[in-house]
Amino acid sequence: MSNYDEVPYPDFIHPVTHPGNIAAIARLNGLDAVPPESCRVLELACGPGGNLISLASLLPNSQFEGVDLAAGHIKTGNAVIAKLGLNNIQLKHGNIEDWAVEPQTDDERFDYIIAHGVYSWVPDAVRQSILAICQMRLSERGVALISYNTYPGWHQREMARDIMRYHAEGIDDPLTRLRHGKALLSSVMQNVPQGSAYRLSLEEELKALEQANQAYVFHEQFEDTNEPRYFHQFAAEASSHLLQYIAEAEWGDTTYEYVRPDVARALASLPKTRRAQTLDYFRRRTFRQTLVCHESVTLSETLQSSEIETMHLASTSTMQDGQLTGSNGLSGSVGHPVTQIAMQRLIELYPRTISFEELCHEVKSTSPDFDTPEAMDDLKADLFELVCVGLVTVSASSVQPCCTVSTRPHVAELAREQARTGETVTNLWHQPIRLDDVTAHLVRCCDGKTDHAGLIEQMTQYAMANGGLVEGDQVVTGEERLRPLVSIKMQANLQRLAGMALLIA
Ligand SMILES: C[S@@+](CC[C@H](N)C(=O)[O-])C[C@H]1O[C@@H](n2cnc3c(N)ncnc32)[C@H](O)[C@@H]1O
């Protein structure tokens, strides 16, 4: 029995693992990745399968396989797959090491391989197998995402981990180990001079431990193996398996927003791997989600901004007088009137994406001068810059949730199933969304068959069974007073579900 059978891992969703995201980044780097709508995906160490199940339900014409060593994880995932009736996904109980064999047929190769949360946390032989699997089983244009803990940030984390593990030695029960470990860390922190560098770093670590999911903390801090590596070490390991670095799976990595302009220029002139490693020193980076492909693929030296024209775009930013503020806290300005029109349209459409081609078509309808190839190139260049700073999102997949509340609102089956068992559901962007109890019940009720009157009835019964509804500083109870309040709150909640990309109709 593995540690993960004793303390199951939370069923995390990792938005960056969506093939639409991976393909977009690969294409901008010169690799013509396989269309996400018809691809084959393997997830190594898939845990309870939530990440892969969400992808399988979002991309019904693609095929998904997952493998994990913990029998309990696979059992949990397979029960969900059976409930949802998905026939494009298989989760298998097994050891990654057994997958490191040359494929006999094309069905045993994959266009995308995901190894999230496993590389740093397994013995060297398994790590070698992960890279060997990527080498042997990635299709010609395939891309693998491998995440791992990294230095220099993990030097500080390791100090906290060592203190906790030392104190919890000899204790068997996982949660007791965690409690004892944190208690010593906290005690050390409180007895170290205020304001000292040591105290500040312990405070930072303790805060991170308190905010994180406790099962996650247990595995991160108490698993015997947790071997962070420098990025350059990872790149060398990948290279020994004939794999090359493409980029990180998360945007923002190519920006130097915290670095002085002269330093940014110096960084930009470095070779790709050296630049990535040097940036990690600037950022005290702790974690990477790195994309790799076959060494035989010719990647472009610089990002191919022209690829924007093959992409789907979206933006969660707001804009006032040409000033953009992103949901990530970053800001930027848009000078060109055509780019402002395009941005306005992206903002209005969110949470839906629009293809670059359609966007140009819409811009042209309001700005007739916009019909020269130069104007289109300017827009492409502006949008590309906004992508690089995270103010515009690109994907190789179109995302089209329903943005208006219909007479019979419908939430996707996966999210309704997740709302039955937990507090986090997955939206059509493959993002985890945490819901309060009332909204979770509304999600469960939105089956596409029930009209608003039926939903009000179900939500009123739910409120009555759960002690009423809070309104201002009052708790409203009693069916007659509850019904109109439920009706008002429900309309607002349905709009929120639409805004969170949870409605499919
Ligand atoms: C930290 S969890 C990560 C789960 C998921 N990939 C995620 O990132 O949310 C690590 C997973 O690796 C699995 N694992 C560890 N060693 C393995 C091996 N040799 N073969 C297959 N799975 C393994 C564990 O069972 C566990 O589910």
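## Close-ups of a predicted model

**View 1. Where strands β4 and β5 meet.** Phe 110 sits across from Leu 138 of β5. This is a predicted model, and in it β4 (residues 110-115) and β5 run parallel, joined by 5 bridges. Strand β5 covers residues 138-149, and 9 of its 12 residues are buried, so the rest of the structure largely encloses it.

**View 2. Strand β1, covered on both faces.** How many of the residues of β1 (residues 40-44) are buried? The count is 5 of 5, so to speak a mostly covered strand. In a regular strand, side chains alternate between the two faces of the sheet. For β1, Arg 40, Leu 42 and Leu 44 lie on one side, with Val 41 and Glu 43 on the other, and all are buried. Next door in the pairing is β2 (residues 63-68), which is parallel to β1 and linked to it by 5 bridges. One detail to pick out here: Leu 44 has Val 67 of β2 as its bridge partner.

**View 3. The stretch that UniProt lists as a domain.** An unreviewed UniProt entry gives residues 38-148 as "domain: Methyltransferase". Looking at that stretch in the model, 33% of the chain is helix and 30% is strand. The C-alpha atoms at its two ends are 28 Å apart.

**View 4. Around the ligand.** Which residues come nearest to the ligand? Out of 21 residues around it, those are Ala 45, Gly 47, Leu 69, Ala 70 and Gly 117. As for the make-up of this shell, 13 of its residues are nonpolar, 7 are polar and 1 is charged.

**View 5. Inside the nonpolar cores.** The largest nonpolar core counts 115 residues, and Ile 113, Ala 115 and Val 443 have the most contacts inside it. Leaving aside residues up to four places away in sequence, Val 443 touches Val 411, Ala 415, Arg 416, Ala 419, Val 425, Leu 435, Leu 497 and Leu 502. Another core, of 6 residues, lies apart from that one; Ala 160, Ile 163, Ala 168 and Leu 202 are among its members.

**View 6. An open sheet of 3 strands.** The strand order here is β12-β8-β13, and the pairing is antiparallel. At the edges are β12 (354-355) and β13 (393-395), each of which pairs on one side only. Between β8 (residues 312-314) and β12 there are 2 bridges, in the antiparallel sense. Look for His 312, which stands opposite Ser 355 in β12.

Technical notes:
Residues numbered from 1 in each chain as written. Predicted model: local features only at pLDDT ≥ 70, side-chain atom pairs only at ≥ 80, totals over all residues. Near = placed C-beta within 6 Å. Nonpolar A, V, L, I, M, F, W, Y, C, P; charged D, E, K, R; others polar. Core = buried A, V, L, I, M, F, W, Y, C linked by C-beta atoms within 7 Å. Buried ≥ 20, exposed ≤ 12 C-beta atoms within 10 Å, placed from the backbone. Contact = placed C-beta atoms within 7 Å. Pairing = 2+ DSSP bridges. Helix = DSSP H or I, 4+ residues; strand = E, 2+ residues; numbered from the N terminus. UniProt positions renumbered as here; feature names shortened; annotations may be inferred.
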